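Visitor: I would like to learn how to read some features of this model.
Guide: Then let us begin with the model itself.

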Amino acid sequence: MTDYSSVIPAKAGIRGDEVPAAALDPRFRGNGGVIKTRSEPFLEEQAAPATKVRGYWESVFHRLRRDPVTLVFAVIVLLIVLAAICAPLIAPFDPYKESIVGRLKPLGWRGHPLGTDELGRDMLSRLIYGGRVSLLMGIVPVLIASLIGGMLGIAGGFIGGRTNTAVMRTMDVFYAFPSVLLAVAIAGAMGGGMANGMLALSLVFIPPMCRVAETATTQIRALDFIEAARASGARTTTIIRYHVLGNVLGPVFIYASSLVSVSILLASGLSFLGLGVRPPVPDWGLMLSTLRQSIYVVPFVCALPGLAIFITSICCNLVSDGLRAAMDVRM
Amino acid sequence: MIRYILRRIVYAIPIAFGVSVVCFSLVYIAPGDPLQTVMPPDATAETIAIVKHAYGFDRPLPMQFLIWLGRVVTGDFGVSIATRRPVFLEVSEALANTALLAMFAVPLAFFTGYVMGAVAGSFAGRWIDRVVTGAAVVGVSLPNYWLGIVLVIVFAVEYMVLPATGMGPSGSTAFNLAQWSNVQFLVLPVITLAMIPIGILARTTRAAVAEVRNQDFVQTLRAKGLSEWAVTRHVLKNAMPQVMAVMGLQFGYLLGGSILVETVFTWPGSGFLLSKAIINRDVPVLQGTILVLSLVFVTTNLVVDLLQSLIDPRIRRA
Amino acid sequence: MAHQPIAPYRRERRGRLSGKEIASGVKVAKANQLRSFFALALGAGISLAGTAAQAGGTLVVGMTAGDLPITTGNPDQGFEGYRFVGYNLYDSLVLWDLSKTAAGKATDIKPGLATEWHVDEGNDKRWIFKLRDGVKWHDGCGFTADDVVWNYSHSANDKAPEFDAAQYAQAHFYLGNVAGVSKIDEHTVAFDTTVTDSLLPYELSYWLLISPCRAKEVKYNWTEYAQRPSGTGPYRFDSAVPHQRMELLPNKNYWDQARVPKQDRLVLVPMPEASTRTAALLSGQVNWIEAPSPDAIDRLKSAGMQIVTNAYPHNWTYQLNFANGPFTDRRVRQAANYALNRTDMKDMLNGLMLEGNSTLPPSTPYYGHPKIYEYDPGKAKQLLQEVKCLPCKVTLAISTSGSGQMQSLPMNELVKSQMDAAGFDVKLEPMDWNALLAVTREGVDKHSDYNAINVSRQTQDPFNALIRHVWTPQWAPKGANWGHHSNPEMDKLISGIFNEFDTQKRLKLLTQLNESMNDEAVMIFVAHDLNPRAMSPKVHGFVQAQSWFQDLTPVSVEP
């Protein structure tokens with residue numbers, strides 16, 4: 001858990017109004033994956049957005065279509081999400097139904113394809129339901145952080161001056177904590193639970209998100225076409241809506257997508273420490289932690305929640321990498 | 001340059017103050033009693049009131065904050081409620097233990113990650129690139145505490161070649177790096193801890209190498225007739241500063257955030273101290289640990305920044 | 001201690017293979033290969049450890065405690081702290097008899113630093129304690145009546161220079177009835193009590209005495225004292241690495257020569273995580289662990305480990321809300337007790353519990369013949385129907401872990417499903433251990449939304465076993481009567497107990513109290529822990545007493 005945080009461009013003491021190269025560069029995580037990089041020819045098509053022939057989104061989809069790896073993993077993510085949404089329809093058993101005689105049974109035992117847990121509950125059903133919680137813990141904090149952090153960043157970047165300084169200085173204080181430390185400290189202080197866990201993670205993600213948005217906004221604001229729009233009498237809201245948002249959403253979206261996997265891992269870590277989701281709610285991190293005691297009885301069953309976290313996290317990572325390449329966002 | 005350094009240091013002061021406010025208030029949003037740890041489960045409310053007074057927890061919060069801050073500035077972080085040891089001692093010992101892990105995990109991650117990234121970057125787009133970058137993604141996607149549990153089962157319980165937990169017979173006070181009976185306790189936690197930085201550094205290096213390879217000067221070198229090996233050397237050299245910067249940050253993260261790995265291995269480091277302080281609600285330790293760790297983190301970042309700007313003045317920042 | 005190879009880590013492990021490994025030849029070969037590689041690479045360190053063989057061996061204990069217990073008197077970390085640090089470094093005036101002869105029955109008190117005690121003939125609020133002669137503190141000073149008086153102000157008088165808030169916090173509960181301590185002569189002290197208290201010797205058995213000599217030497221600096229503690233106990237303090245390990249050595253001059261430790265060194269290592277303890281024992285890092293997880297028992301046995309269990313005064317239960325809600329009606333309380341299938345729970349715990357039918361395990365002398373609530377969901381439903389509470393909604397406050405809570409979550413979830421099946425509608429409210437303790441202390445007034453709390457209790461002596469849960473003066477936040485139970489007849493019985501100085505007659509009253517507590521179904525009785533511990537086959541001589549405390553002195557460890 002050490003440092004999923006490192007994907008967050010945390011750098012205390014950096015002013016946001018210059019582009020902090022190492023801090024915000026996507027290379028921080030590498031352009032990674034099996035995806036195309038700048039070295040590949042497609043980039044030339046949109047190196048100059050003003051002259052692109054295809055529409056931006058059209059070209060993004062075009063590029064995604066030619067990236068089978070990303071597509072495959074996107075499909076897997078989609079399946080995981082669908083399974084979580086439709087959990088009541090597809091789960092073979094009630095995830096809370098206990099059976100003491102049927103506890104800790106191996107894979108494939110009497111209609112339990114993935115065995116049973118320490119209370120005899122069906123593992124497959126609990127994993128499916130657990131996906132709901134884990135995905136929720138992965139997505140909700142990122143959404144909250146994108147919304148709040150994004151707005152703060154855009155506001156700061158667009159207004160500039162003292163407002164910006166005030167916003168970014170406050171963020172800097174939170175940057176001074178390694179993200180895992182901050183998440184654990186907040187969740188620990190507030191006493192765990194799902195809502196508190198989400199809140200803790202949101203607070204952790206707001207500052208970097210704010211910085212991403214602020215950087216992008218500041219860059220845009222300095223460009224000529226904003227001046228031109230101003231000169232032509234466009235209202236501030238219009239400028240923000242058409243010009244700023246259009247150019248800031250890309251980086252924010254990509255950054256958010258890369259945070260989902262981090263959030264899932266962090267949330268599972270909080271649950272593992274007993275600071276996240278409360279039992280008996282099925283959650284992958286929590287299942288991992290409670291099944292740890294039974295590892296000598298059914299080792300493979302006990303490994304399943306970890307595998308679920310791993311698969312989801314790696315798929316999210318790869319899809320995010322693919323999206324980043326396709327959208328060619330350089331933050 | 002000196003003015004720049006001074007400016008950066010001065011700039012860190014309000015941040016440090018903000019951090020101290022956050023640290024102090026964090027503890028008090030919590031429900032429950034800061035004296036839980038010294039009270040037996042059957043203690044009565046009356047007993048608690050007397051003890052609370054003896055420890056000074058019955059004063060108003062802003063007052064407690066000022067007293068605390070005043071002491072902290074002079075280097076006095078108070079005394080742990082649970083162990084009665086000075087918090088500063090507690091934190092510095094724990095930090096040293098964590099640093100011991102990081103000292104091995106960071107170089108391990110750096111060399112492995114750098115080699116992986118260099119190979120992948122040099123063969124961008126080919127199968128070897130895919131394999132290596134795939135492995136790097138595994139590194140950042142793996143819940144490392146889970147990996148730790150699996151490693152313990154395999155190497156400590158089943159094969160009995162490495163110990164399962166703790167820092168060994170001498171504990172941290174006499175940890176001897178020249179003795180295998182001590183060093184063996186480092187192996188599993190270091191490997192577990194290095195997994196994520198390996199992934200991150202491999203990805204960083206790959207991207208940096210791939211990018212440098214596309215720069216004009218590389219074409220020039222090639223045109224000048226340099227061998228492919230010589231070109232690669234130039235490329236790697238140019239990609240280095242960026243990778244070094246990321247590594248510096250990783251060191252900071254490992255010092256502050258290895259809570260889960262330390263919990264799995266009962267490693268008496270800063271993360272372990274913190275999680276114990278949370279469970280016990282040992283307020284002075286909790287505040288002290290968070291404060292020290294974040295200050296260390298700020299300092300690490302500052303040093304990385306300054307080093308980087310020494311190497312490459314272009315990235316000097318306001 | 002730096003190079004004292006305490007954990008016979010290498011030695012222990014050699015040649016001992018798990019059943020699994022023996023079954024698989026390939027694995028053994030591989031393991032040997034790996035081992036010889038490491039042996040080759042680092043021969044020096046290993047051979048050094050190999051020379052450690054000593055007569056009585058080193059006992060290395062993996063404790064469940066989250067940290068090392070404090071050493072300044074009454075320890076923290078619950079009764080585990082008393083078990084491994086408190087009663088090893090220190091003595092109380094009255095000790096618990098943990099010897100082999102007592103193993104078959106529940107433990108009772110025996111003379112400790114006091115050889116004899118009786119209530120003053122003319123004043124039943126005054127106890128006279130005769131002190132043991134010739135006892136020496138670890139620092140060499142002699143034990144005197146003045147030391148007892150000093151220890152009382154150390155624990156209770158917040159104006160005295162020797163007062164220690166932490167000691168007060170730990171000891172006040174046991175000294176609550178004491179008004180003062182005075183010296184009669186060099187070997188006699190008198191305890192004055194605020195009320196007539198026939199149970200005072202039991203209360204004093206938890207009060208550990210520290211050396212005033214050492215305390216004065218360190219100028220009442222308790223942090224320093226903690227690093228150089230001095231008591232009269234069978235072990236003396238050697239060293240500690242904070243949070244990691246504490247090492248104790250035999251006190252060869254212990255006043256009870258029969259209890260001079262047989263092992264050469266006792267090492268205590270805190271390991272709060274059950275699977276960590278199991279792994280540490282299996283990998284040979286420790287040779288004794290407390291409370292292995294029930295699911296790890298088979299694996300431990302297959303590796304040749306000894307599993308030791310015995311009944312002991314522990315009660316895993318729910319204390320009920322008598323102030324509001326359904327449990328104010330006796331029929332609902334009885335229904336909850338009928339609803340539980342305790343055999344199922346025992347199966348779930350791999351047999352590692354005693355079915356809880358009363359506050360006390362049956363081996364307690366004052367157990368008597370309480371009404372037993374056998375599993376009968378039909379009857380439970382019928383009772384609920386009578387009360388017109390069907391489904392009967394109740395909220396139980398539980399903890400996710402905690403001292404003595406056993407397998408808290410699975411057990412609570414099983415209770416929930418069994419009660420739900422019998423007509424209840426149970427809502428579990430999990431919180432962390434300290435939060436639950438806070439709820440417990442503050443009492444039902446502040447937490448009327450909970451119908452019950454799941455805090456397991458020690459039941460080692462009459463007051464802690466029975467009285468405190470039902471006595472009106474013990475209403476929380478003053479005492480442990482969380483749900484404000486009040487019953488005039490029981491209160492009368494209890495004051496009779498406090499006023500009865502004849503042991504046999506008092507036993508009868510206590511038996512009556514236990515039986516009426518069952519009639520009233522004052523709790524939901526669930527389980528008594530069996531206090532499992534696992535140890536390496538090289539550990540010899542341990543007999544588990546029916547107590548929270550254990551005597552480690554007869555234990556020796558084969559090299």
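What follows is a conversation that goes from whole chains to helices and then to single residues.

Guide: One caution at the start: this is a predicted model.

Visitor: What does the secondary structure of chain B come to?

Guide: A tally of helices and strands is a plain way to begin. Chain B has twelve helices and zero strands. Its pattern along the sequence is therefore written α-α-α-α-α-α-α-α-α-α-α-α. The C-alpha trace of chain B spans about 85 × 55 × 35 Å along its principal axes.

Visitor: And what does the secondary structure of chain C come to?

Guide: Chain C comes to 20 helices and 22 strands.

Visitor: How many of the residues in each chain are buried?

Guide: Burial is given as a share of the residues in a chain. In chain B, 64% of the 318 residues are buried. In chain C, 62% of the 559 residues count as buried.

Visitor: What share of the contacts joins residues far along the sequence, at least 24 apart?

Guide: The count takes contacts between residues at least 6 apart in sequence, and for chain C 70% of these join residues at least 24 apart. For chain B, residues 24 or more positions apart account for 70% of the contacts with a separation of 6 or more.

Visitor: Turning to single helices, what span should helix H5 of chain B have?

Guide: The check compares an expected span with the distance between the end C-alpha atoms. Helix H5 of chain B covers residues 127-141, and at 1.5 Å a residue its 15 residues should span 21 Å. The end C-alpha atoms of H5(B) are 21 Å apart, which agrees.

Visitor: Which residues of H5(B) are buried, and what covers them?

Guide: The general idea comes from the turn of the helix. An α-helix has 3.6 residues a turn, so residues three or four places apart point the same way. In H5(B) the buried residues are B:Asp129, B:Val132, B:Thr133, B:Ala136, B:Val137, B:Gly139, B:Val140 and B:Ser141. Their cover includes helices H4 (87-122) and H7 (180-213) of chain B, together with helices H11 (236-273) and H13 (299-327) of chain A.

Visitor: How is a pair of helices described, say H6 and H9 of chain A?

Guide: Give the approach of the axes, the crossing angle, the handedness and the residues in contact. The axes of H6 (residues 123-159) and H9 (residues 194-221) of chain A come within 5 Å and cross at roughly 35 degrees. H6(A) passes H9(A) in a right-handed crossing. By class, their contact has 21 nonpolar, nine polar and two charged residues.

Visitor: At what angle do H18 and H20 of chain C cross?

Guide: The axes of H18 (residues 462-470) and H20 (residues 503-519) of chain C cross at roughly 50 degrees and come within 11 Å. That angle makes H18(C) oblique to H20(C). The crossing is left-handed. On the H18(C) side the contact is made by C:Pro462, C:Leu466, C:Ile467 and C:Val470; on the H20(C) side, by C:Leu510, C:Leu513, C:Asn514 and C:Met517. Sorted by class, this contact has seven nonpolar, one polar and no charged residues.

Visitor: Where are cis peptide bonds found in chain C?

Guide: Look at omega. One cis bond joins C:Leu390 and C:Pro391, with omega about -5 degrees. C:Pro391 lies in the loop between helix H15 (377-387) and strand E15 (392-399). Another runs from C:Ala476 to C:Pro477, with omega near 5 degrees. C:Pro477 is in the loop between H18 and helix H19 (488-499) of chain C.

Visitor: Which residues other than glycine have a positive phi?

Guide: Two cases will serve. Phi of C:Asn350 is near 60 degrees, and phi of C:Ala521 is near 45 degrees. C:Asn350 is in the loop between helix H14 (342-348) and strand E14 (353-355) of chain C. C:Ala521 lies in the loop between H20 and strand E19 (523-529) of chain C.

Visitor: Is C:Ala521 buried or exposed?

Guide: C:Ala521 is buried, as its relative accessible area is 0%. C:Asn350, at 37% relative accessibility, counts as partly exposed. For a further case take C:Glu489 in helix H19 of chain C, which is exposed because its relative accessible area is 67%.

How values were computed: Residues numbered from 1 in each chain as written. Chains lettered and ligands numbered in written order. Predicted model: local features only at pLDDT ≥ 70, side-chain atom pairs only at ≥ 80, totals over all residues. Heavy atoms only, no water. Axes fitted to C-alpha atoms, helices over the stretch in contact; angles between N-to-C directions. Helix = DSSP H or I, 4+ residues; strand = E, 2+ residues; numbered from the N terminus. Parallel < 35°, antiparallel > 145°, perpendicular 65-115°, else oblique. Left-handed = near helix turned anticlockwise from the far one by under 90°. Contact = heavy atoms within 4.5 Å. Nonpolar A, V, L, I, M, F, W, Y, C, P; charged D, E, K, R; others polar. Expected span 1.5 Å × (residues − 1). Buried < 20%, exposed > 50% of the residue type's maximum accessible area, 1.4 Å probe, protein only.
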